[in-house]
Amino acid sequence: MKKGKMILKRYRFALITMAAVGVLLLLQPQIGMKAIQNSTFQLQQMFFVIPPIFLLLGLLDVWVPKTTMVKYMGEGSGIKGILLSFLIGSAAAGPLYGAFPVAAVFMKKGIKFSNLMIFIGAWSTMKIPMFLFEMGSLGVKFALTRLAVDIPGILMIANTLQKMLTAKEVEEIYQKAETLLD
Amino acid sequence: METYIFYGIAIIALLVSFQKNRAKTRSALKKAWKSFENILPQLLTMVLLIGTLLVFADTALISKIVGKDSGWLGVLLAALIGSVTMIPPFVAFPTAAMLLRAGAGYMQIGAFVSTLMMVGVVTMPVEIQYFGKKLTFLRNLLAFVFSFAVAWVIQGVVG
């Protein structure tokens with residue numbers, strides 16, 4: 001019963017939308033039919049594209065450890081730290097706001113500020129499962145072009161942010177992050 | 001075509017994982033299902049909404065707002081929409097593909113996809129909690145401006 005209620009709550013917008021399309025179908029059969037056709041076509045495509053990606057995402061999550069990489073990304077980690085920041089960010093899964101708690105842990109462990117920003121940038125827009133999905137929906141050319149522009153773009157943004165913030169401001173953000181974890 | 005490659009990779013990875021560790025594989029499958037089921041409600045709502053919207057907003061209207069000839073104003077509009085909406089990428093990409101088929105331009109869709117992923121106006125309160133006001137505003141602003149460069153290059157290569 002409780003579980004059923006939960007499901008009902010989670011799907012309430014989907015159900016409302018379905019009901020709205022149902023009403024549309026009654027009032028304007030032609031338009032309603034077209035809306036249903038549009039939607040089912042899209043759903044078919046999605047259910048074909050999605051399964052392998054989520055499988056890979058699950059495997060990635062289980063097999064790739066995250067904590068061990070942290071120590072390679074601090075001050076003086078150089079190009080290795082930059083590469084790792086890109087890698088960890090793009091191996092992640094989940095929305096951007098999921099990256100902020102991870103960022104807090106990274107700050108506590110002392111990862112370099114520019115690496116932190118690279119990690120955030122990679123998480124936001126270069127996640128591998130998303131990239132696979134982007135290729136599937138918008139084409140290989142589109143996804144590859146965006147990726148090629150994103151890499152220098154993320155580096156530039158990280159660099160600019162580091163220049164725009166004083167060392168003291170960065171220090172304060174790091175200190176605040178520590179209090180967020182306890 | 002790409003999809004078949006992903007099916008191949010996923011199946012091989014799954015078999016290797018299963019050989020190495022059954023328990024871990026089971027938990028990976030569970031995670032895969034859970035992360036899919038997590039977005040399913042939004043997915044369904046989004047598909048239905050866009051599917052219905054597209055009946056009214058025909059090709060002519062979409063091309064006018066964010067079509068090939070809408071130029072930089074269309075890019076700006078698409079970038080703004082991408083910044084303020086919070087659609088998971090698994091929903092956003094098919095939506096973007098749908099809009100492209102309905103007459104949207106590659107430059108405009110490039111800006112939309114880029115700001116959608118990099119700029120989060122709705123999640124700013126959360127981001128400020130972690131990064132403070134200054135860093136949050138600057139990061140989002142830079143990502144917004146950068147998305148125009150993304151749009152421009154995509155137009156040059158794909159459009």
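What is the volume of the second largest pocket? About 360 Å³. Before I go on, a caution: this is a predicted model. Keep that in mind for everything that follows.

Let's stay with that pocket. The lining of the second largest pocket has 17 residues. Nearest its centre lie B:Ile50, B:Leu53, B:Val66, B:Ile81 and B:Leu99. Five helices of chain B each give two or more residues to this lining: α2 (22–56), α3 (59–66), α4 (71–84), α5 (89–101) and α6 (106–118). Which of them gives the most? That is α2(B), with four residues. Now the chemistry. The lining of the second largest pocket has 14 nonpolar residues and three polar ones. Charged residues are absent from that lining.

Next, a helix with a surprise. Look at α7 of chain B, residues 124–157. A straight helix of 34 residues would span 50 Å. Between its end C-alpha atoms, α7 of chain B spans only 32 Å. Where does α7(B) bend? At B:Gly132, by about 120°.

Compare a helix in chain A. α8(A) has 25 residues. From first C-alpha to last, α8(A) reaches 35 Å, close to the 36 Å expected. There is still a kink in α8(A), of about 25°, at A:Asp150. The proline A:Pro152 follows shortly after that kink. Many residues of α8(A) are listed as buried, among them A:Phe142, A:Val149, A:Gly153 and A:Ala158. A:Asp150, where the kink lies, is also buried.

On to aromatic rings. A pair of rings is described by the distance of the centres and the angle of the planes. Over all chains, the search finds 10 aromatic pairs. Take A:Phe100 and B:Phe131. Their ring centres are 5.5 Å apart, with 80° between the planes, and the pair is edge-to-face. What does this pair join? A:Phe100 lies in helix α5 (residues 99–108) of chain A and B:Phe131 in helix α7 of chain B, so the pair joins two chains. Are these two rings buried or exposed? A:Phe100 is buried, at 0% relative accessible area. B:Phe131 is buried as well, at 1% relative accessibility.

A second pair sits within chain A. A:Phe119 and A:Trp123 are edge-to-face, 5.7 Å centre to centre and 75° between the planes. Both lie in helix α6 of chain A, residues 113–125. They are four residues apart, about one turn of the helix. A general point helps here. An α-helix has 3.6 residues a turn, so residues three or four places apart point the same way. Both A:Phe119 and A:Trp123 are buried.

There is also an aromatic cluster. A:Phe48, B:Tyr4 and B:Tyr7 make it up.

Now the enclosed spaces. How many cavities of 30 Å³ or more does the search find? Three.

The largest cavity holds about 70 Å³. Chain A lines it with A:Met117, A:Ile120, A:Gly121, A:Ile154, A:Ile157 and A:Leu161. Chain B adds B:Met118, B:Arg139 and B:Ala143. The elements giving two or more residues here are α6 and α8 (140–164) of chain A, and α7 of chain B. The lining of the largest cavity divides into seven nonpolar residues, one polar and one charged. So α7 of chain B, the helix that bends at B:Gly132, returns in this lining.

The second largest cavity has a volume of about 60 Å³. Its lining includes A:Met130, A:Phe131, A:Glu134, A:Arg146 and A:Asp150 from chain A. B:Phe93 and B:Met117 line it too. Two or more residues come from each of α7 (128–138) and α8 of chain A. Which helix gives the largest share? α8(A), with four residues. By class, the lining of the second largest cavity has seven nonpolar, one polar and four charged residues. Notice A:Asp150 again. It lies in this lining, and the kink in α8(A) lies there.

One last residue. A:Asn115 sits in helix α6 of chain A. A:Asn115 counts as buried, with 1% relative accessibility. Along the chain, A:Asn115 and A:Arg146 are 31 residues apart. Their C-alpha atoms are separated by 21 Å. A:Arg146, for its part, is buried in α8(A) and lines the second largest cavity.

That's my tour. Thank you.

Note on methods. Residues are numbered from 1 along each chain as its sequence is written. Chains are lettered from A and ligands numbered from 1 in the order in which they are written. This is a predicted model: local features need pLDDT of at least 70, side-chain atom pairs count only at pLDDT 80 or more; totals for chains, interfaces and linings use all residues. Side-chain values use heavy atoms; hydrogens and water are left out. The expected span of a helix is 1.5 Å times one less than its number of residues. The bend at a residue is the angle between axes fitted to the seven residues ending there and the seven starting there. On a 1 Å grid over the protein atoms alone, a cavity is a set of points where a 1.4 Å probe fits but cannot get out, and a pocket is an open set with protein on both sides within 12 Å along at least five of seven lines; lining residues have an atom within 4 Å of a point. Grid points are joined across faces, edges and corners, and a volume is the space filled by probe spheres set on the points. Ala, Val, Leu, Ile, Met, Phe, Trp, Tyr, Cys and Pro count as nonpolar, Asp, Glu, Lys and Arg as charged, and the others, Gly among them, as polar. Rings of Phe, Tyr and Trp (its six-membered ring) pair if their centres lie within 6.5 Å; planes under 30 degrees apart count as stacked, over 60 as edge-to-face and the rest as tilted. Buried means under 20% relative accessible area, exposed over 50%, partly exposed in between (1.4 Å probe, protein chains only).
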